[in-house]
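Student: Could you take me through one part of this model closely, and then place that part within the chain as a whole?

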Amino acid sequence: MKNGKTPILDKKMIEIYEEIGDQHILTSLDTPMRADAFELSDEEKIDRIQKHFREIMNLLGLDLTDDSLKGTPYRVAKMYVKEIFSGLNPANKPKIALFDNKYQYNEMLIEKNILLQSTCEHHFLPIYGKAHVAYIANGKVIGLSKINRIVQYFAKRPQVQERLSMQILEELKTALGTDDVAVYVDAKHMCVSSRGIKDISSSTITTAYSGKFNNPTTKKEFLAAIHNHQDY
């Protein structure tokens, strides 16, 4: 942006941006963030976002004097900052408490069917599905709910599914002090089902394995466990 004006994209740049979005290509293993991302408070961000979103609604021709619409810019801004993109802020990172593995459990522990709701960073449309996470303890164990919270923390930001899987893996490796971690994500992308190809039946699977889970036998045990559809 120069002189306060947004540059007009030429045809070539539009084609490049469309290609990246349609192919769901990620350009970084870290969520792309500016250095000044947290200089504004949440309240300041909500105030500015609602003004911008009000302009978007105006450009779409919507009547913002209507009682049903007049509060929408604020609701969207609050939702962005406090809810669906709250995982961008490190202050919201879940506190991890570890416990000694006093009972010497040294087999894999699996937390499966973790509800996952995220947002595609290419079109800002929902991603929803399930994550399955496993680890083999190395002296320390983590509370089960903390695994869910780690998944949800990294999901609550604009994402690409491959990056999401790897961020969960790396966070658990660091928190647990072990390389023996596995992540399996099966999710549907609204940018695939509601636009473009409009395929409502397909889902996307991404995996991230480290340590002992790169062993074919261990990996097979993990996959067999998460695909066991026993009902309780």
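Tutor: What follows starts with the largest pocket, then turns to a surface patch, a buried residue and the whole chain.

Please keep in mind throughout that this is a predicted model. The largest pocket holds about 960 Å³ of space. Of the 26 residues that line the largest pocket, those closest to its centre are Arg 34, Ala 37, Lys 45, Ile 49 and Leu 88. Two elements, H2 and H3, each give two or more residues to the lining of the largest pocket, and the largest share of that lining, seven residues, is supplied by H2.

From the pocket one can move on to the loop between helix H2 (42–59) and helix H3 (72–84), which is where Leu 60 is placed. With a relative accessible area of 64%, Leu 60 counts as exposed, because the term is used for values over 50%. Together with Ile 56 and Leu 62, Leu 60 makes a nonpolar surface patch of about 290 Å².

A residue with the opposite assignment is Glu 111, which is found in strand E2, a strand that covers residues 108–120. Glu 111 has a relative accessible area of 16%, and it is therefore classed as buried, since the cut-off for that class is under 20%. Leaving aside residues up to four places away in sequence, Glu 111 touches Ala 131, His 132 and Val 133, and also Leu 144, Ile 147 and Asn 148. One of these partners, His 132, is 21 residues from Glu 111 in sequence, while the C-alpha to C-alpha separation of Glu 111 and His 132 in space is 5.9 Å.

The wider setting of these parts is the protein chain, whose secondary structure comes to seven helices and seven strands. Read along the sequence, these elements follow the pattern α-α-α-β-β-β-β-α-β-α-β-α-β-α. Of the 232 residues in the protein chain, 34% are buried, and Glu 111 is itself a buried residue. Among contacts between residues at least 6 apart in sequence, 69% join residues that are at least 24 apart. As for the outside of the protein chain, the accessible surface comes to about 14,600 Å², and carbon and sulfur atoms account for 53% of that surface.

Note on methods:
Residues are numbered from 1 along each chain as its sequence is written. This is a predicted model: local features need pLDDT of at least 70, side-chain atom pairs count only at pLDDT 80 or more; totals for chains, interfaces and linings use all residues. Side-chain values use heavy atoms; hydrogens and water are left out. Helices (H or I, at least four residues) and strands (E, at least two) are DSSP runs, numbered from the N terminus. Buried means under 20% relative accessible area, exposed over 50%, partly exposed in between (1.4 Å probe, protein chains only). Contact means heavy atoms within 4.5 Å. Patches are made of residues with over 30% relative accessible area and no salt bridge: like charges are joined within 9 Å, nonpolar side chains (Val, Leu, Ile, Met, Phe, Trp, Tyr) within 5 Å. Accessible areas come from the Shrake-Rupley method with a 1.4 Å probe; for residues, only the protein chains shown count as cover. A salt bridge is a side-chain nitrogen of Lys or Arg within 4 Å of a carboxyl oxygen of Asp or Glu. On a 1 Å grid over the protein atoms alone, a cavity is a set of points where a 1.4 Å probe fits but cannot get out, and a pocket is an open set with protein on both sides within 12 Å along at least five of seven lines; lining residues have an atom within 4 Å of a point. Grid points are joined across faces, edges and corners, and a volume is the space filled by probe spheres set on the points.
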